Structures are given as C-alpha cells and as structure tokens.
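Biologist: I am new to this structure and would like a close look at a single part of it. Could you take one strand, describe its surroundings and then follow the contacts that lead away from it?

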Amino acid sequence: MTEASTQPVLEISHLSVALPSSGDRRHAVIDLSLTIQPGEIVCVVGESGSGKSVTAQAIMGLLPKGQLVAERGTIALQGEDVLKASPDRLREWRGTRMAMIFQEPMTALNPVLTVGDQIAEMLAIHTDLTAAEQRARVLEMMQAVHLPDVERMIDCYPHQLSGGQRQRIMIAQALILDPALLIADEPTTALDVTTQAQILKLIKEMQERRGTGVLFITHDFGVVADIADRVVVMQHGNLVESGTRDEVLLAPKRPYTQMLIASVPSLVPPHREPVSGPVALQTINLGKTYQGTGGFLDKERVVKAADQVNLILRRGETLGVVGESGSGKSTVARCIARLIDPSEGQILLDGLDIAHLPEKTLRPHRRHVQVIFQDPFRSLNPRRTVGQSIIEGPMNFGLSENEALSRARDLMGLVGLSPDALSRFPHQFSGGQRQRISIARALAMQPHVLIADEAVSALDVSVQAQVLALLDDVRKRFDLALLFITHDLRVAAQICDRIMVMQKGKVVEEGATRTLFANPQHTYTKALFDAAPGHDFTKR
Amino acid sequence: MWLFILRRVASTVPVMLIVAVVIFAMLRLTPGDPAVVIAGDQATAEQIARIRASLGLDLPIHEQFVTWIVHILQGDLGTSIFTNMPVSTLIGQRLEPTMMLTLTTVIFSVSVAVPLGVWAAWRAGTWTDRLIMMFSVLGFSFPVFVLGYLLIYQFGLTLKWLPTQGYKSPFTDPLGFASTIVMPTITLGMIYIALVTRITRASVLEVLGEDYIRTARAKGQVERKVLFRHALKNAAVPIATIIGIGIALLIGGAVVTETVFNIPGLGRLVVDAILRRDYPIIQGLILVFSFTYIIINMLIDIAYTMLDPRIRY
Amino acid sequence: MSLTASPSPVADRPSRGRALMDLFRHNPLMMLSAVILLVLVLAALFAPYLGTVDPRKIGVLRRMAPPSAQAWFGGDQLGRDLWTRALYGARVSLMVGSVVAVMSISIGLLIGMVSGYLRAFDAVIMRIMDGLMSIPGILLAIGLVSVSGASFLTVTVAIMIPEIPRVVRLVRSIVLTVREEPYVEAAIAVGTPVPLILWRHILPNCVPPLIVQATYVAASAMLTEALLSFLGAGTPPEIPSWGNMMAEGRIVFPIAPWIVLIPGCTLAVAILAVNVLGDGLRDRLDPKIAKRM
C-alpha cells in the first residue's frame, strides 16, 4: 500500500483507439494522456462523440470486440499495462483493482437475480469467503452506501427498487473489494436532479473514505463543478484542455472549452418585463387520470398524472413547467395538444374550450397549437423528405403544394438551414438541425401556442444554446405563447417569463421566474433548487 | 401468487369459449349444406337426412349452440357417424400412443435444441453459428412426411436397423416401444428443434447485448458463468414461450407422423375420420387438441413466474 | 446523454435495383434460392412444353417404372408419368403459396391496422385471433375442408384462415409501436386526417416486415397444402399435386420409393428456397428483427 500512495492509480499515455474503417472518423480516441492519483476525482467532460466513454471501456478492457481496437499507447493501472495483460489477469483486476458504474442503473443490473446476489457475486468471483461471510459483507456494504432496511432489501430484485437505490447498489457492488480505481460513466444522467445530488454526495463520501481514484465521465458542467478535483475536456477524441477544477471552469484557455462553459445556462435568471398580451391559452382544473383496466380479479389502480392544473399563457409569453420525472408536466402538455384526452377540466384556446371536442370538430383548431418533441431522431418520419414533413400540415389546411413549399423555404432561412435541405431526408441531419426542422414544421402552421416538450434536453450543451436562442427569437417574431416543459432549471431560468413547478401531478408553486428563483416558497421547490448541480460556478 | 394463478386459469375460459364457437361455426356457417358434403357424393336423401339429424343441424341455430356447449361441458363430444361410438371413448382408446410420441419428442427436441441455440448465440457470426442456423432452416423446410419416408427408406428398408411401422406400449413392451418410437420422434422433432433452436439463439443473443452482461464482465466474471448464470436465465421466458407455442406444430405434425409410421394414435383417428367423412370425430378432436394446447400454454405461463421475478400478479 | 451527432455526410441512396443486386451478390445462398424458384415458376408455367405428356394419361409400360431416359422421374403405380405430374404439381404448390401469402397478408394488414390504430373492436378482434391461434393450423384446415368439400378454393381458404391471426398480430404490434412515435403525433398535431396518417406514416413501416412475413406464409402454405393432400383432406385427387402424389405412392413405398421421394424432395427444395429467400430479405429489410432471429 505504501507504494500505491506514491504511484498514480491510472496513467494513460498516448492512447489511440481506432474506429472501424467504414466510419467518417478513423479514431475514437487520439493520443490521449491522463493521470489519476489515489483519492483524486478526475472528470472527463465532452459532448457526444468526444470519445469519453470509449476511454472508459478501453481502461476496463471492455472495448467491443472487432469494432474498436486500442492501437497505440499504454494504460497503466497501478503500474501494469492493461492493454498487454492476459484475459485472465484482466479479469482478475476487474473488481479488485478497478470497477465501473454505468449510466442506466436499471439495465445495468440483472433483472432476475436479487441485488444481494449480484453484490455477493463480486465476492464469489474474487474471494474465498463462505456464503454467510459474503452475506455479512454485502449487508455491511449496503449500509455503507446508506440503503435503508438492508436486511429486507438484500433479497429484493432490481425492479423493486427506485433508480437512486439501484445506483447505490451499483456503487456498493463496485466498491466492495476496495478497488484503486472507480470509473463512473455518466452515473447520474438518468436520475432526477434531487437523486443526482444524493448520489454525487455518496460517490464523494465513499471515495474520500477509501482513497479511491475516480474517473468520472459526464457532459454536465454543473456536476463537474460539484465533484471534480481535476478536469479533462475532450472533443472528437482529442484532449482539448486539462487542469484543476478552478483552472478549467473559471479560466478556460482553449476556445472550445470557453465556448462550452459559456453555453451552460446560468442559474440566475435575467430581468424580464411582465407580458401583458391577450390570453392565448388557459386551463381550468385540468386533470388526467389513468385507470388500470381493472380486469377480472384485478386490483384497480388509479394514477392521477395531472390534477387540478390551472394555467394562463399570454401571447408573447414563455411559461416554464418544471418538474422531475413523473411530475405530470408532459401529461399537461400532451393534454393541451390533445394528443391524449384529458379526464376533466377545460382547455381554453383563444377562449374556446377544446378539452373534449371530438376529433372532427377539433381538427380546424389543431393548427393553433403545435408541439416540438424531445427526441430529434424520432420526431421526423425517416422515410419522408424534410420538405414533405413540413408541408404536410399547411396542405391539410388547404394550401397548394407550391404555396406550402414557398412558405417552407422561407422558414428554412428563418431557422438557419439552407432551402435545399427540403429535398433531403432526416438521417442526413444532426440532432440540432432536426430540432430546427421540427421548429420550422411547427411554425409552418402559423400557431398561436407552441409547446416545447423537453425540446432541448437531448441536445449537447453548445447546440442547446443555439436552439434555445432560436426558440426565443421565433417567440418574439411571431408573438407566440410558448409553453416550455423542462426538467432543467438552468434552461428554465434563462428562457421563461414565469415558472410553474409540478410534483406528482400537482402544481406546487408558480410565479415570475426571477422572484421564484430568488425566493422559493414550497419545500419541494427549495429542494429542487438546492439539488441543482454547480451552484457556485454559474452565479456569474 | 395464488390470485395470479387463479386469474391466469380464468383467462383461458374466454379463449376456450371462442375456440368452441369457431368450431361450432365451422360446420354451420360454411356455404352449402354441410350434411350433403359430409354424406359424400353417393349418398341417398335418407342418409343425408340422418346425418343432419345426428349432427342436430335441423334445429334452430341458437338451440344447436346451447346443446353443443352443454354437451362439451358434460364431456360429450358427439357420436361417431361410422361406428356409432361416443367420440370421447374413441379418443380414450387412442390417447396413449399420441401422448407417448409427443412426450418423447418434446424431451428429445428441447434437450437438443436449447444447447444448440445457446451455442450458436455464443459463437454468433462464426461458422458454427451459420452451420447451426442452416440446419435450422433445413428443419423448417423439410416436410415431416418427407423426412419420415427418408428415414424409413434408409434405416428401415436399406439398413434394416429399425422397424418401419407400428407402435408398442412402453408398459407392456419397453424394448419394442424404444425401437418403434425412435424414428417417429426424430421425424416429428425436426421442425420443433428448428424452431426452438432459432428462438433460443435469438433470445440469448439479445440478452448478451444487455447492459447487465457488460456489468457481469466488468466484475471479472468468467465467460461460462456470464453465459449460463446471467444470459440463459434471462432468455428463459421467450424460450419457454416458444416451447409452448410450438406444441401446435407438434400436434399437426403428429397427425402426419402417425400416418407415415402407422401408429394407432389420435392422428390416425383424424385421418381415418377424414376418409370416412366422420365429422363428429374431427370436430371432437380439434376441440380436444385446442383445449390441450391452451392448457399447456397456461401452465407454461404460470411457470414463468418461477423463472422471472419481474412478472408479477 | 446527448444525442447530437456530427452532420452525417450526404449519402446518395443507391437505387432499389442496385441494392437488390448487392444483396444477391453478398448472399450466394439467397441467389441460389432465387434461381431455384425462378426455374420452378418457369417450369410450372411452361409445363406443357417441357417433354411432358397428359398428367392423367396411363401408360402400362410406365407402371412403377424407375427413373430412366424415357421417363425421367419414372412412373407411378397407375402408370402415369412422374416428371409430368411433378411439373404440374409445381403449379398447385406455387399457386397455393402465392395466393395464400397475398390474401392473408392483405386481410391481416387490414384487420391489424383497424385493430391497432383505430382500436375499433380491438379487444374483440384480438380475442378471436387468440382463439383461432389456439387451434393447431393443420387441424383447423382439415376441419374447414371436411365441411366444405375439397376444391382448390376451399383448400386455399382453409390454409389461409389459420395464417391470418399471425399477420394481424404482427401488424398490430408494429402499429402500436409506430403510433407512439413523435413523428406520428406531430402529424396528428398538424391536423392530418386518419386515413392519410395510416397511409403515409404507418403503412410504410409495416411493408418491410410484411414482405418478409409473406415469404414465410408462402412456405408454410405450400407445406400445409402438401400435408392436407397427403392426408386426403386437400386438393382433389384428380389434380396432380405433390401431396397427392405422395399419398398415392404411400402403399407401394417399399417397392417403389421414388414415387414418394421424388415429389417429397421437390417440395422440400421448393420450401427451402422460399425460406432462405425470406431469411435473406429479413436480414436486409428488417435488420431489427434480423439481429434477433
């Protein structure tokens, strides 16, 4: 152990990982060097395609066979090269010297084995402990990661646990043999913000107590600010910049890093004038109840996905609906767009109640409410050209193909794409470009109300900033009422005039963005704000 | 748990009812006079009238239906036109060979197909995999009777290793049973093996791409345990499902296999009934086979809960 | 996790013809199957001109004659020419295969779309499909033929009915997945009428898997037709079909095995070719399922 304290846990030098020859890039990782000391958390930050996850796989020796090959360089794990180790030796190290936790704790755990068995498997593989000793160690470890009621939970299956509990199980499993290196690949990305805060705290606590070196992969600068000792920024497989947390976050040297950090929306809302336009949309006691079919001998399950929701949205105004998963924010949006039928209440669109109109009578009103969806890869029909997708709506309302096409061409310019994009297929565009196309499709209908349902959540932070600017621009230009659904407080702070916080189907608090951020009233709102990662770093 | 089983058992009732309705409708709703068809070309008017009366076709349709359901509930499947014996008695007499044949086939096929499928999935993309898959396509394509005759030709007529015809009960003549059952089992099992191998490979392959397999490897688990402890256990549900669904193929195949190998089972009963235009027997057998199929699949569904903790009541 | 990809290079889509040629070049087995099927189709079409005689004509000299230069496939126990009957049998088999495939796919598509998208009578339709699927296909066909009399039409319908539920289930599952896609919801939001949504956005997703399914249905129909004929509940005995030929040769199998084996092996090769073609198409058209199967 004395030697280990002087020696770095991990020392990658000049690592290059080759991609299969068919791709547009030759390398996933190019000439990467980095070092992790014992007890140190190194964050690798980058947008998608930066090579950060490939690096993690290379360290674990888990690069997909035949697809990715570590061509050059060394990965020294406590002084021994992983790339040169025999398969048996590598297996020996996994779990004992290095361990890994993943993004999606549901799929990373085997659904048909109890969580206790899965943690104990680590001991069964690498130690000679008896079953009783294993169980004792597992219980001890589960307690260490602050799981409640461990005696009962040890025999639970993963699906019986919450997302945060599952990630705690993963951490317990990874750390039970005290590995020198923990690799965490976006471990909190799939979790709600309040859970994320707890897991980050846990990783930090465990790591400090055990002196583990941590390689933490993330795309979120807020998380970096909260957890990192040192930061490595990657782009397209290259190391762009590295340094201590404060060096990189507060005084970035390279333009790419500067751009990335500048793109992170601040948690401090700018001043906004109250909007006094005419009311475009109002809901009165809107509710959506899901009922289990209650078949023969079936327990009847009733879920109130949205309950007594009242909102007013004016022309030219942006109303943010903020909440964690299961809060009902998307349900509200989908009810208003009448993609699902509300169970009760009214939806007044320009004064007319559309909540329960049958499809035939509703159709003429549909053009006034348009939606932009979260997943840019699924919101355009892959078999139809961009042009066909955009003119579909206007042609439903009597425009000729030529008129619709000319409107589409104008809109292409407006959203920052070239008009010849119209004749191409969606797969030829990036995620950000597709969101622009979706915005154009919505605008082609000349709506009064635009609903953005997590419209920027799937985008990289630099692209996100651009799309947000575009949304704000079209809101002003067309005097739109923008209903902005998001889980991201930073985004909400920057774009919304007013904010509504939802929890478990109910609105818990509502107010002007600046007031709400400055002085949240409801305990849940406070918890939500406290949990937002990277408080100190973007109060600029 | 018990509630789940009860519910699953209850859920078979509507399906069985629909099966009964379909079989009932088959005779009554086909265009033309079924009595004339059943009686055959040389039938006299009197014969046709007798058939119509014995099938109850002269009653109003709703009365016919009520009688039909009541009779099924009483275990009365009708009376053979040709022998005048109750269909249920005839089925009872012929039950054993068919049950034995399907039993040996299921055991043989599953014990061949599952390892073969796991092996193919593990070696996915290699020649081993391709060879196993080619064999599976072959099994799908070779009609049961063609395979049966090829086997008879090779092992019965040319090599004279095995008897080509007949059936011996394992309770009276175990050795005779063993020698007569080998070729029918292989014949009938072929398509079933092909099916189960394919699905096993596919499900294991799919599971091998899951995140928890990566987790297991990241723990340093050895490949053999990754395959059997983590992968196969997760793939068990689709495999069990296809074993159940495949029973339908087996029932159809049994009819043909019994004809090829001259086994006096239910399949032969069907074929004899076709030749004699003995419709009540055909109708009764379709009902019995369908109900058996539904019950087997229900039992497999219930067995899922033992295999997969995610499926809960 | 962020989803933004770097802008993909503008890939020119190869023409459909080119794509098909590529497919065959990379899969020689599939190529072979296509050739076999083509030969069978041509043989069936031009049966009268390919050294055949009247399929019902009885030649005393040909009675149970083994294959020879005069009678390529030999003769059956009545003295009919087996080469001739095999070619005419191909007509029946291919006809049943294609008619059943086209019909059951069309009907299944219609029912599946109604049930899956409009959800009209969904529960009722699916229960009926469950019921139909619970009756082993061959038995259902036997039952249908025995109440309606054996003719080409009744046999085709009898084979078709058990195939429909499988198609309905496939279509319904695709429709249920696709209707949740955001691009379909976007189309609803811009006021596209239901028939257009089905036509533009749903149907194109059903086509590739249905083409694949059609080949499997065809193979299964050819198999069932032969089985039914073999059991005496299929194509009327006066029509030469492969199943009928085998049924007739059954009694004399120990003496003249070729009477059974020749049509049997022809049938096996034909079905094999269709199945291999189906697998190849599946790998190409339906990569998601292909990966799993």
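**A strand in chain A and its surroundings**

Modeller: In this predicted model, strand β13 of chain A, residues 318–322, is largely enclosed by the rest of the structure, because 5 of its 5 residues are buried. The cover extends to both faces of β13(A), with T318(A), G320(A) and V322(A) buried on one side and L319(A) and V321(A) buried on the other.

Two strands of chain A can be named as partners of β13(A). One of them is β18(A), residues 481–486, which runs parallel to β13(A) and is joined to it by 5 bridges; within this pairing, G320(A) stands opposite F484(A). Another is β19(A), residues 498–503, which also pairs with β13(A) in the parallel sense, over 4 bridges, and here L319(A) stands opposite R498(A).

R498(A) leads on to a further contact, since its side chain meets that of E317(A) in a salt bridge, at 2.7 Å from N to O. This pair links distant parts of the chain, with R498(A) in strand β19 and E317(A) in the loop between β12 (302–314) and β13 of chain A, 181 residues apart. R498(A) and E317(A) are both buried, so each has under 20% relative accessible area.

Other salt bridges may be set beside this one, as the structure holds 42 of them over all chains. In chain A, R338(A) forms a salt bridge with D341(A), and the closest N and O atoms are 3.1 Å apart. The two partners can be described in turn: R338(A) is buried, with a relative accessible area of 9%, whereas D341(A) is partly exposed, with a relative accessible area of 46%.

In chain C, the side chains of D130(C) and R127(C) meet in a salt bridge at 3.0 Å from N to O, and both residues lie in helix α4 of that chain, 3 residues apart, which is about one turn of the helix. Of this pair, D130(C) is buried, with a relative accessible area of 15%, while R127(C) is partly exposed, with a relative accessible area of 36%. Back in chain A, salt bridges that share partners join R272(A), D472(A), R475(A), K476(A) and D497(A) into one network.

To return to the strand itself, β13(A) is thus covered on both faces and paired in parallel with β18(A) and with β19(A), while the loop between β12 and β13 of chain A holds E317(A), the partner of R498(A).

Key. Residues are numbered from 1 along each chain as its sequence is written. Chains are lettered from A and ligands numbered from 1 in the order in which they are written. This is a predicted model: local features need pLDDT of at least 70, side-chain atom pairs count only at pLDDT 80 or more; totals for chains, interfaces and linings use all residues. Side-chain values use heavy atoms; hydrogens and water are left out. Buried means under 20% relative accessible area, exposed over 50%, partly exposed in between (1.4 Å probe, protein chains only). Two strands pair if DSSP finds at least two bridges between them. A salt bridge is a side-chain nitrogen of Lys or Arg within 4 Å of a carboxyl oxygen of Asp or Glu.
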